[in-house]
Each structure stands twice: as structure tokens, then as C-alpha cells.
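Work through the exercises below with the model open. Each task is followed by its solution.

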Amino acid sequence: MLKAEVIYQPLGQGRGLEAEVVSSLLVDREGFLWVGSREGVFRYDGYSAIHYKPEINNENSISDSDIRNIYEDKQGNIWISTNTAGLNRFDPKTKKFTRFRHSATNKNTISNDSVYDIAQTSGGSYWVGTDIGLNRLNTLDNTFKHYYFDKQDPTTLSNDYVYNLYIDDNDTLWATTVGGGINQQIENTDKFIRHRISDITGDSFHDEVFAIKKAEGGGFWLGTRRGLIKYKPETREVTIVNIGDDETQPGVVTLAKTDNNKLLVGTMDRGVLVYDKKHNRYLPFNSSP
């Protein structure tokens, strides 16, 4: 049996870390803890927290208080995805934010202000997933190229609702969608291979993919609306992992790996589960209710 002995204690209470609804966490290369929440962004150094939130008449402040995701790039910049006000880049040297907002009158801006994820390629460019479309950011002129679903073109995205991004060792982008499965960028092109999990399982909820992680031995772990899946793109092989107490599988919204090679599975209604891949079994991450 796996043992799960987890002790929780409050962090930052009375020290300025007053986040209540937390959506994302990041420990940067300097050791600071970044906390994204519905109350804004906090940077915590273990003693006190700095609270970043929008400031009227200050275009170098963050654009929104409702935070979705935090990402650190190879240069140490902090990228913050927001719910309603686009993408932000924080420069740790100047302590200023640069805002990237959608404009209906400028086709070179980000495709939508509801941003879910960002990932950087080895070449230094950035992919950005939004509620409406995938974007590629050119930081030389801060322009965005857009990628959308086109029913008439099977080499386009399978769905415009882009949720999670992963760049593999070959610098290939994998983009998960809510409703269209996952998409694989064709090397050195603007085209994609669609991987609809429902084509294999017959369950449309398996095309609502919220999380993707590389799996040992090839393929990916996928967190879907209907549970955890292991998928091998080369052979189109799908393995449905039973992490439910009965026939009902919990929605999986996030995945992470531990140092001892266990897979942590964040679910919508059953907390965090620990999946033991070797023995094909799971248990709650926290054994105490």
C-alpha cells in the first residue's frame, strides 16, 4: 500500500499573503513563491508578501485581479494569464508589467483576453492558449499570429477553446482543448494533427482535456472531464485509468509528478489522488479528511 502522510499548515497568514481562491502556484528560480488568485498575484519570500493588482492610470501594473496561470520563461520573466484582461509579462529587473490585450481593430493583438496557458519554445518564441484560439507571440515586435478551428481544413485546430500547452523534446507543441481533444503541431509548419480521444473511446467527455503530462515509455497522461487517460499518439492507443470508486470517473484538471515518480492527480470533486503507475492503483493524497 502507498502511504500518504501529509501535514498542512497555513502559509503567509498575517504576512500579506491574503489569497483566498488560489488558481496557480510557481516557485521561481530565485526561490520566490508566486501565488495566482482571484484576489490578484502575490510574491512571497517566506517573510512577507507583495500584492500585485491593477492600478488605475498605471499601464505598468497588472491588468487583472482574476488570475488563471503563472509561468516563468528561460530568461526569468514571469508570465501571468488572466481571466478577462489578457496576458501580462513581469520583468523582475524593472518590477514592471507589460500588458498584452486583445483589440478588435488590431489583428496583430492576442486573439482573446481570456488566457489559459503559455509555453516557450527552445528558440524563444511563445505559444499562448486562449478561450478563442491559439496564438504565437513574436517578442521582436510583440505581435501575435492566430490559429483557429476550421471545419473545412483538417490541418487546423480541432477546437478554439485551448486550455493546456506542452512542448516536447523535439520542440513540438501539443495543445489540449475543451471539446476537441489534443492537437500536435506538424514540425516547422503552421499545421496540426488532430487527436480526438472520443474517436477511440466513444465518449465525448474525453475530448475535454484540461491537463497533459509526458508519460514514461512514451505518450502522455491526459486529464479529462471523464477521468485519467494514458494516450500513445503513434499508435492511437488509449488506456482509461480507473481512479473512481465506482463506474463514475472524476474530472481531472491538473497533473504533476513527484520526485519518487508518482503521479499526482488533481480532480474536480475528489481532491488530489496519488496514482501508482507500477501497481496501477491510487489513493487519496491526504489520508486525513
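A residue is buried under 20% relative accessible area, exposed over 50% and partly exposed in between, with a 1.4 Å probe and protein chains only. The model is predicted, so local features need pLDDT of at least 70 and side-chain atom pairs pLDDT 80 or more, while totals for chains, interfaces and linings use all residues. Residues are numbered from 1 along each chain as its sequence is written, and side-chain values use heavy atoms, leaving out hydrogens and water.

**Exercise 1.** Classify the ring pair of Tyr 147 and Phe 192, and say where its members lie.

Solution. Step 1: rings of Phe, Tyr and Trp (its six-membered ring) pair if their centres lie within 6.5 Å; planes under 30 degrees apart are stacked, over 60 edge-to-face, and the rest tilted. Step 2: the centres of Tyr 147 and Phe 192 are 5.8 Å apart and the planes are at 85 degrees, so this pair is edge-to-face. Step 3: Tyr 147 belongs to strand 12 and Phe 192 to strand 16 (residues 192-195), so the pair ties together parts 45 residues apart in sequence. Strands here are DSSP runs (E, at least two residues), numbered from the N terminus. Step 4: Tyr 147 has 6% relative accessibility and is buried; Phe 192, at 3%, is also buried.

**Exercise 2.** Describe the surroundings of Tyr 116, starting from the search for aromatic pairs.

Solution. Step 1: the whole structure has 17 aromatic pairs. Step 2: Tyr 116 and Tyr 161 make a tilted pair, 5.4 Å centre to centre with 45 degrees between the planes. Step 3: Tyr 116 is in strand 9 (residues 115-120), and Tyr 161 is in the loop between strand 12 (143-147) and strand 13 (162-167). Step 4: Tyr 116 is buried at 11% relative accessible area, whereas Tyr 161 is partly exposed at 26%. Step 5: the charged end of Arg 68 sits over the ring of Tyr 116, 3.8 Å from its centre. The criterion is CZ of Arg or NZ of Lys within 6 Å of the ring centre and within 35 degrees of the ring normal.

**Exercise 3.** Which residue has its charged end over the ring of Phe 32, and which residues form one aromatic cluster with Trp 34?

Solution. Step 1: the charged end of Arg 43 is over the Phe 32 ring, 4.1 Å from the ring centre. Step 2: Trp 34 forms one aromatic cluster with Tyr 52, Phe 90 and Phe 97.

Methods:
Helices (H or I, at least four residues) and strands (E, at least two) are DSSP runs, numbered from the N terminus.
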